[in-house]
Amino acid sequence: DKKPEGVLAAWFAPRVSRVETYGKAKSAAEVAARMLDEIAQAKTPEKRRRVALEIIRDLHPDRAGDSVSSRATATALTRVAVVVRDYLDEVGWDVFDALTQGSIIADLRKRLDRAA
C-alpha cells in the first residue's frame, strides 16, 4: 500500500478545520497573529483579502456544528477575524510590506480590547 506524495499527500491528508486551528490559541491577540500569518502567505493584496474572507467564512458559527461550546468558540474567533479584516481594510492590505508583524499585532491588540 503506497502512500501518496506531493500534492496528492496534501489532498488526502486529514482536514483540520480553522476552528480547531485557531481555537487552540490562548488569547485573541494570538488568534490574530495566527490569522495574520495565514493572510501574509498570500502574495498580493487582493489574495490577502480573499484569504481573510475565507477565514471569516470558515469560522462562521453555522459551520461549527451543533454543540454550544463549538458555536461559542466559532463566534469568538469570527469576531477576531472581522476585527483583523476591518483593520487591514483601513490600513491597507499591503501593510505587511511596510510594518513588522509585531507592530501590526500591537495595533490590533488595542482594537481587540475595544471590541471585547
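Here are four short exercises, with worked solutions, on the predicted model shown above.

**Exercise 1. Get your bearings**

Find out how many helices and strands the protein chain has, and what share of its residues is buried.

*Solution.* Start by counting elements: the protein chain has seven helices and zero strands. Reading from the N terminus, you get α-α-α-α-α-α-α. Next, look at burial: of the 116 residues in the chain, 33% are buried. Then turn to the outside: the chain exposes about 7,600 Å², and 54% of that comes from carbon and sulfur atoms. Last, check the contacts: among those between residues at least 6 apart in sequence, 59% join residues at least 24 apart.

**Exercise 2. Take a ruler to α3**

Work out what helix α3 should span, and then find which side its buried residues sit on.

*Solution.* Step one: α3 covers residues 28-40, which makes 13 residues. Step two: the expected span is 1.5 Å times one less than the number of residues, so α3 should span 18 Å. Step three: compare with the model, where the end C-alpha atoms are 18 Å apart, so the two agree.

Now for burial. The buried residues of α3 are A29, V31, A32, M35, L36 and I39. They cover an arc of only 155° around the axis, so they lie on the same side of α3. The spacing rule helps here: an α-helix has 3.6 residues a turn, so residues three or four places apart point the same way. What covers the buried residues of α3? Its cover includes α2, α4, α5, α6 and α7.

**Exercise 3. Into the core**

Describe the largest nonpolar core and say which helix gives the largest share of it.

*Solution.* First, the size: this core has 30 residues. Second, its best-connected members: M35, I39, V84 and L88 have the most contacts inside it. Third, the contributors: α2, α3, α4, α5, α6 and α7 each give two or more residues. The largest share, eight residues, comes from α5. Finally, zoom in on L88: leaving out residues up to four places away in sequence, L88 touches L36, I39, W93, V95 and F96.

**Exercise 4. An arginine to classify**

Decide whether R48 is buried or exposed, and find what its side chain reaches.

*Solution.* Begin with the location: R48 sits in helix α4. The cut-off for buried is under 20% relative accessible area; R48 has 6% relative accessibility, so R48 counts as buried. Now follow the side chain of R48, which reaches the backbone oxygen of W93 at 2.9 Å. Beyond its neighbours within four places in sequence, R48 has contacts that include I39, A40, D94 and F96.

Key
Residues numbered from 1 in each chain as written. Predicted model: local features only at pLDDT ≥ 70, side-chain atom pairs only at ≥ 80, totals over all residues. Heavy atoms only, no water. Helix = DSSP H or I, 4+ residues; strand = E, 2+ residues; numbered from the N terminus. Buried < 20%, exposed > 50% of the residue type's maximum accessible area, 1.4 Å probe, protein only. Arc of directions from axis to C-beta. Contact = heavy atoms within 4.5 Å. Core = buried A, V, L, I, M, F, W, Y, C linked by side-chain atoms within 4.5 Å. Areas by Shrake-Rupley, 256 points an atom, 1.4 Å probe, with all protein chains shown as cover. Polar contact = N/O pair within 3.5 Å; in protein donor to acceptor, adjacent residues only side chain to side chain.
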